[in-house]
2 protein chains.
Amino acid sequence: MQDELSERQSTILKLIVQEYIRTGRAIGSKSLLERFRLGVSPATVRNEMGELEDQQFLVHPHTSAGRVPTDRGYRYYVEYLLEDARLPVTEQITIRHQFGQVEMQIETWVRLAATIAADLSGNMALVTPPRGRIERLRHFELISLRDHIVLLIVVTQAGTVREVILPQTEPIAQQDLSGISQRLNPELANLTSPQVLERANGTTGLAAAIMRQVADAIRPGQQEVQSELVSEGLDRVLQQPEMSQSAMAHRLLELLRGGMILSELLPQLEFDDDVQVIIGTENRSRDLQPFGVVVASYGTTQEITGVLGIVGPTRMPYGRSISAVRFLSRLLSELLRDVYHQEADSTA
Amino acid sequence: MQDELSERQSTILKLIVQEYIRTGRAIGSKSLLERFRLGVSPATVRNEMGELEDQQFLVHPHTSAGRVPTDRGYRYYVEYLLEDARLPVTEQITIRHQFGQVEMQIETWVRLAATIAADLSGNMALVTPPRGRIERLRHFELISLRDHIVLLIVVTQAGTVREVILPQTEPIAQQDLSGISQRLNPELANLTSPQVLERANGTTGLAAAIMRQVADAIRPGQQEVQSELVSEGLDRVLQQPEMSQSAMAHRLLELLRGGMILSELLPQLEFDDDVQVIIGTENRSRDLQPFGVVVASYGTTQEITGVLGIVGPTRMPYGRSISAVRFLSRLLSELLRDVYHQEADSTA
DNA sequence: CGTTAGCACTCGGAAGGTGAGAGTGCTAAT
DNA sequence: ATTAGCACTCTCACCTTCCGAGTGCTAACG
């Protein structure tokens with residue numbers, strides 16, 4: 001942020017942002033002083049506000065209304081004015097306890113994390129299940145469903161399971177399938193999708209066809225991510241007053257339905273290990289520009305990762321959201337680390 | 001319906017219901033005659049309307065407003081006045097074509113069916129993936145994720161896959177797991193959950209523990225259904241004018257989030273093979289009483305079934321919804337029948 | 001020079017008033 | 001049984017009015 005703000009300007013900006021986030025109404029000089037004793041007169045506050053407006057941290061919705069933060073104002077707030085709050089320890093304990101209570105199942109954890117994030121932030125939370133960045137085959141299984149219908153089940157190193165129905169032109173017996181499976185499984189174990197594909201090209205017949213399907217199933221598909229995306233708290237975000245302009249609500253639902261929120265977002269994410277905040281027009285995707293997003297990736301290593309995020313109107317509780325996302329993403333990482341072993345460093 | 005309506009009363013009721021569904025505004029005698037030539041005067045229509053109101057088919061929202069159908073009115077309409085329309089053949093062909101285009105995957109079909117149902121009805125559609133009523137084990141797989149963490153993957157006859165993480169007190173090698181799997185799989189194949197449990201009780205040690213977990217995984221869980229439920233068209237139903245009272249929208253989201261819509265509904269469903277319509281207060285569940293539901297089950301036999309439904313305000317296009325649900329549920333059944341073989345009739 | 005008091009001005013939104021339009025029910029005539 | 005006529009009711013859209021919160025400016029103050 002190029003311009004330095006004076007101590008007093010910072011204080012005023014901070015209070016305005018906080019009050020506006022809390023109440024949702026534009027903040028005027030007088031009402032600000034009614035709640036906070038700043039030791040100066042309304043006129044002084046007005047002058048400072050005018051200055052902040054010149055510097056694009058605030059705007060007037062109408063001539064005679066109070067001020068509202070701009071995206072730039074939020075950005076400054078998040079960057080410099082937010083003492084990075086941890087979640088209160090009691091809350092941390094409660095949450096840890098909740099995770100201890102539920103089934104030991106990744107799907108369950110992911111869902112619980114989403115629910116808690118939505119709760120803490122009062123907005124919508126999105127979580128993708130952890131997936132291997134470069135998936136390797138662990139195991140596949142061929143099952144004859146009917147004389148010429150085969151079910152292929154593929155398990156990756158990360159434990160992801162995918163099922164595909166393979167219609168065949170000719171009937172195949174279960175025992176033939178079992179034969180193929182027993183022969184190929186040791187050969188293909190621990191290979192990546194391109195590697196499996198490569199072997200398939202050195203083979204012919206049914207085995208080759210199956211290998212190609214296996215290769216295909218390992219590669220994490222775009223639509224996969226969409227259908228696995230877990231979201232909670234839609235009702236909360238729809239209740240935000242800014243959603244009453246149904247255009248906005250509609251756009252959000254559209255984004256969510258298409259799973260587009262994350263696919264719009266992901267290219268923008270740097271996978272460092274802290275929380276990222278993207279405010280309004282900072283979003284590359286035009287559709288996301290009325291929203292604020294707080295995200296972090298989580299996972300065991302560089303290999304197995306997922307994304308946890310909170311989406312709300314730009315007027316959202318950044319402080320709470322950031323601490324929630326930070327805590328939950330670390331907690332998920334921790335849980336996953338307990339479950340997965342270190343990736344075998346095999347390429348050959 | 002105890003009372004018989006005269007020909008003319010029927011016609012008027014039908015027109016009112018249709019107009020009200022179309023426009024969403026209360027219908028008056030005059031405006032009805034402006035759109036439809038009935039060969040009688042407004043006063044006559046008024047008298048008939050008064051009669052219909054006495055018989056509880058219609059209500060006045062206000063003294064000087066037109067009439068609106070009651071749940072009873074809708075019921076009569078659905079029961080007696082709706083010539084059971086099929087979907088137009090051209091639409092049928094288009095839809096079949098769409099199913100032909102997509103991946104051969106049950107998940108995909110289910111999602112597509114939901115999308116199309118939402119489209120056709122302009123409301124929200126819900127579909128559960130097909131599940132075995134009495135699931136039998138097909139195959140399970142044990143995978144060592146880490147020295148003392150085991151991943152259990154269970155595949156049922158219906159092709160459903162479930163994964164469970166089993167933390168162990170002591171480390172187990174992959175080859176031990178493979179041994180157990182090879183020994184138990186033939187023994188347990190084709191058994192139901194209680195049957196597996198029974199065998200577990202005749203065993204001890206690790207094998208017994210695993211068998212118990214397998215038995216547990218076969219049994220379809222309540223929450224399972226919830227997390228697998230596919231819904232489409234939420235935006236459409238939220239745009240309905242009756243949803244602007246945010247109480248109603250909120251209730252719907254609540255129901256949807258908890259997966260409660262189906263669990264509230266299922267006990268009420270008779271599994272015959274035609275479409276069922278449940279209107280407003282006919283719902284047992286109080287929370288569903290402001291809504292109308294059109295559902296049908298689908299599946300291959302009595303064994304493998306799912307549910308497809310449309311949910312909207314009581315003012316919803318019953319005709320179109322019924323034909324959509326009927327067509328799509330039959331189509332899904334057809335597709336499934338092609339995929340699954342006949343259930344083996346094994347119990348011994 | 002920064003701060004403050006004072007003041008004229010602006011504007012949104014709530015409150016209240018009005019009229020048109022749609023609809024009704026009743027009665028009496030056909 | 002049907003209908004024309006009529007008095008009556010109520011909602012809704014529209015307008016006006018008015019209050020309050022808020023502003024920007026100017027001039028005075030320490």
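Let me start at DNA strand D: H3(A) gives the largest share of the surface near this strand, four residues. Near, for a residue, means that its C-beta atom, placed from the backbone, lies within 6 Å of the molecule or strand. Helices (H or I, at least four residues) and strands (E, at least two) are DSSP runs, numbered from the N terminus.

This is a predicted model, in which local features need pLDDT of at least 70 and side-chain atom pairs count only at pLDDT 80 or more, while totals for chains, interfaces and linings use all residues. Residues are numbered from 1 along each chain as its sequence is written, and chains are lettered from A and ligands numbered from 1 in the order in which they are written.

Staying with strand D, there are 21 residues around it, and Gly28(A), Ser41(B), Thr44(B), Thr63(B) and Ser64(B) come nearest. By class, this surface has six nonpolar, twelve polar and three charged residues. Nonpolar covers Ala, Val, Leu, Ile, Met, Phe, Trp, Tyr, Cys and Pro; charged covers Asp, Glu, Lys and Arg; the others, Gly among them, count as polar.

Now DNA strand C. Of the 20 residues around strand C, the nearest are Ser41(A), Thr44(A), Thr63(A), Ser64(A) and Gly28(B). Here H3(B) provides the largest share of the surface, four residues.

Last, the two protein chains. In chain B, 29 residues are in contact (C-beta atoms, placed from the backbone, within 7 Å) with 29 residues of chain A. On the chain B side, the largest share, six residues, comes from S5(B). That side has 15 nonpolar, seven polar and seven charged residues.

Technical notes: Two residues are in contact if their C-beta atoms, placed from the backbone, lie within 7 Å.
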